[in-house]
Structures are given as C-alpha cells and as structure tokens.
Amino acid sequence: MTVYPRRIMGVETEFGLTAIRDGKAVLGPEEIARYLFKPVVAQYKSTNIFTDNAARLYLDVGAHPEYATAECDSLTQLLNHDKAGEVLFNDLAAQTEKTLAAEGIGGDVYLFKNNVDSAGNSYGTHENYLISRELSLKNFGKRLLPFLITRQLLCGAGMIKNGRFVISQRADQVWEGVSSATTRTRPIINTRDEPHGDSSRFRRMHLIVGDSNMAEPSFALKIGSTQLVIEMLEADWDIPTFDVVEPIKHIKQIALDPTGQTELALKDDTTVTALEVQQAVLEAAKGWLAQRQDEGTPNAELEKVVELWGRTLTAIGTQNFEPVSGEIDWVIKRNLLERYRDRLGGDWNDPKLAQIDLAYHDINPRRGLFYHLQNKGLVQRWTTDEAIAHAATTAPETTRATLRAQFLDTARELGAHYTVDWVHMKVDRPEPQTVDVQDPFATEDVGVDKLVAYMHDNREVLGNAQGGIRG
C-alpha cells in the first residue's frame, strides 16, 4: 500500500457575510455579495478566480464567499494559506465599505469564519487529503469514522444552541457517514471521485464534517491528528477498530457533552466512550510517529500536535481546561461566553451572548473578538503574521501550486486570454495551447515552461482580455 507522508492537503472555507448600519442589515445577502466581489469582477470579469497565491476565491451558492487554499504539503504551510484567505477577504471587505460609503449606503461589512448563521443555515469548511488510489475509500472511510465523530472534542469551534453551549457547529449538520452527496444529505466523508490529479495514482478524500477554526493550534490539531490517522490506516498500522453502530446519532450526542463520556454503542454489543476512542487513537499515533518517515509535515511539528492532543484529552478527562485555555477554540469561546454570562447575570438564551458568539468569528483583526484575545496574548500562536502575509501573495513552492502561480503571473502580466483550473492551464491566442499537470507534487514541468515561453514569444498578439477559471 502506498503511504504519503508528504501529503497534498487543502481546505475550503465558506464565510458568512453581512453589512450592518445602526444595528440593522443594509443589504440582502446577494446584494452585499455583489458589492464584495465588485473589485474581483472589475479585474477578472468573473466571481470565480484563482488568486496570485494559486488559491481559488469565488462566490459559492447561497451568496457565501469561499476560499480554497492552494495545494499544500505540510501542516504549517496549510495553516498559513488558510489564514491567507482571511487576509484576502478582509481586504475585499475594506474596499466594499469604501464603495458603500461613496454610494451613500454606508455600513460595516462583516465576514464570519464560522458554520451557522443567525437563522440556523449551515455552511462549511471542507478538508481535502490526497490518498492512494489503491484504497477503497468507502471501507477506509468507515474505519476513519470513529475518529472523526469524536474529533470535535479536539477542535470544535463551539456555539450556543437551544439555550446551551455545544462543542461543535457542524456536528448537528451531517446526516450520513460516507456517501457521494454534499448538501442534500451532507455526509461526514464525501466519496465523489474528483482527484484533481492522476486518477490512476491518487484519490482525494473530502471531509465536510469539521468546524471552521479561528485558533491556530486548533486548526493544527485538527489537520495534524487527521493526517496521522490517515497515514496509519494507509500503512495498516495497529490502530484500534471501533465498529460504531450509529455514528450520526453519536456525533450529535458528543457535541452536547464536553466531558467526553458519551457512550458509543459498538456492533459487538460493547460500548466505548468518545474520550476513550480518542485516547486509543492517540496512543497508536505516538507509536506511528516514533518510526514515521520524516517527510512532508516534519516529525518535530507532528510531535507538537501529539503533545497538544494529549493535553487536550487530559483536560477533558479531568475537566481542568486551564492547560489548553488559549489553544482549543471551543474552550476559548466557552470561557469568554461564561465570563459575559456571569457579568450579564442571565442564561445562555441572552441575545447579547449570541452576538458575542458570532463576533468571535469576525475575521477583521482590528474588530473581531477572537483577534482581540489573540492580540492581548490570551490565545497562543502556531505561526506568525509575517508567514500569513507571505502566503497571501505567494503560492506554496513545494507543490503544483507554484506552477499555476507562474502561469498566472505571466498570463496576467502580458494580458493573455487564459483559462485555468486545478489541473489545466490554457492560453487561447494566437492558437489554443493547453497543459495538464496531473502530479500535484510537481514543482517543475516542461509543458508549463513551454507555455510560459509561448506567451512571451507572442506577447504582441495576446490581446488585453483577462481570463478566468475553468471547471
């Protein structure tokens, strides 16, 4: 079985969007989305583009702005590029506020990196992991499910729902374990076969169960722990098997229980708690990491993941959350909300608490409550502002993304009419020229070099029309 320690990964994030003036929405969702994407349309004639850092930025169904990172091959690289999406959309929000003011509409533009709006509508953050084509994704997914339904204990974003605090925003929004559906029944693992690469070698495992994370250590724990579990399953490592009878029932129950003591019924008529599942998987991960090939995400970084994983499970088991109070999103948020609840003297149904809950996810670094906590040193960092800023303008240099960025830079500089997607790069004039890069690990490609040279050789006849995206 092929194991990919150096693994291509990516994250797609949908954002909540609104514009507020004097406490009220000034425009409907579709209208404010149109204003947000006005600069994008003006430059690229589309609301669906690849950015200079080789990520995809677009307007998704339901007027949700969405950002899909470029292909990354290590944990902190992916974190930097995920956070870069906040930077790019925050810049667009600032431009939108200026436009609204100039047109006499006014209002502050808010982008929220969360998963449920005030009306209860859900939008997602999706994780993508390259896996071997040799695997049966359906069987692989079933083995992964016990880890995924309990993973919210590590990296849920938390929220107030029906008068109580719950660990996860997405847990109540999934209805199947493994299927090809996306929105109709919304599974934990989506099996639609879109490898975005050589289909004889690769599959793309698409997870749509996770919460959007604000805290960098939570994001690192979410991605790093999942990466380790995938590697163990690929290598047929000795990882405990928990054949859960009703995973969808249990994922919703776990979200209500911050003690981790939710009992999961197994098909052999025994039970195991959510916390015990995570503890068993963690022990297996420690053994795997001790002999893991040091490639892709460095072992030293995954050791930090495992250490935080252990501290988090200990905190849940003892119910002493102080050791992780600045690292785990749902713990950070619950502490914040409890302080305000005590100050207000009310209960979880207080509308002011709902506002604070939402404000935690405001991506504006000068206004959002999460960033207020981070700037005061109450939330720990995993990366740096400088690394995030670099990722907002520069593609990952260790994956196929660097070739896409090279192509885009040349095409835009020369005014070429082009189309591009995750695999294909095409110039339409003077004669159509297309290159397919099927290997997501590729950082050099003769075909891309020739395509770039073709554009330079024909710079005087390329035309001035900008291109966009295909697929």
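This report looks at three neighbouring strands and two nonpolar cores in a predicted model.

## Strand β17 and its two faces

A good place to begin is strand β17, which covers residues 424–427. Its side chains alternate: Met425 and Val427 are buried and point to one face. His424 and Lys426 point to the other face and are not buried. In general, side chains in a regular strand alternate between the two faces of the sheet.

## Partners on either side

Strand β17 pairs with β16 (residues 418–420), and the two run antiparallel with three bridges joining them. They form a hairpin, with three residues between the strands. If you would like a landmark for this pairing, look for Tyr418, which stands opposite Val427.

Strand β17 also pairs with β18, made of residues 433–436. Here four bridges join the strands, again in an antiparallel arrangement. This pair is a hairpin too, with five residues between β17 and β18. Val427 helps with orientation once more, as it stands opposite Gln433 in β18.

## The nonpolar cores

Now let us turn to the largest nonpolar core, which has 86 residues. Which of its residues touch the most other members? They are Phe140, Leu144, Ile188, Ile189, Met205, Val229 and Trp309. Leu144 makes a handy starting point for exploring: setting aside neighbours within four places in sequence, Leu144 is in contact with Ile189, Met205, Val229 and Leu233.

There is also a second, separate core of 50 residues. Its members include Leu27, Leu408, Val420 and Leu451. Val420 will be familiar territory, since residues 418–420 make up strand β16.

Technical notes:
Residues numbered from 1 in each chain as written. Predicted model: local features only at pLDDT ≥ 70, side-chain atom pairs only at ≥ 80, totals over all residues. Heavy atoms only, no water. Buried < 20%, exposed > 50% of the residue type's maximum accessible area, 1.4 Å probe, protein only. Pairing = 2+ DSSP bridges. Core = buried A, V, L, I, M, F, W, Y, C linked by side-chain atoms within 4.5 Å. Contact = heavy atoms within 4.5 Å.
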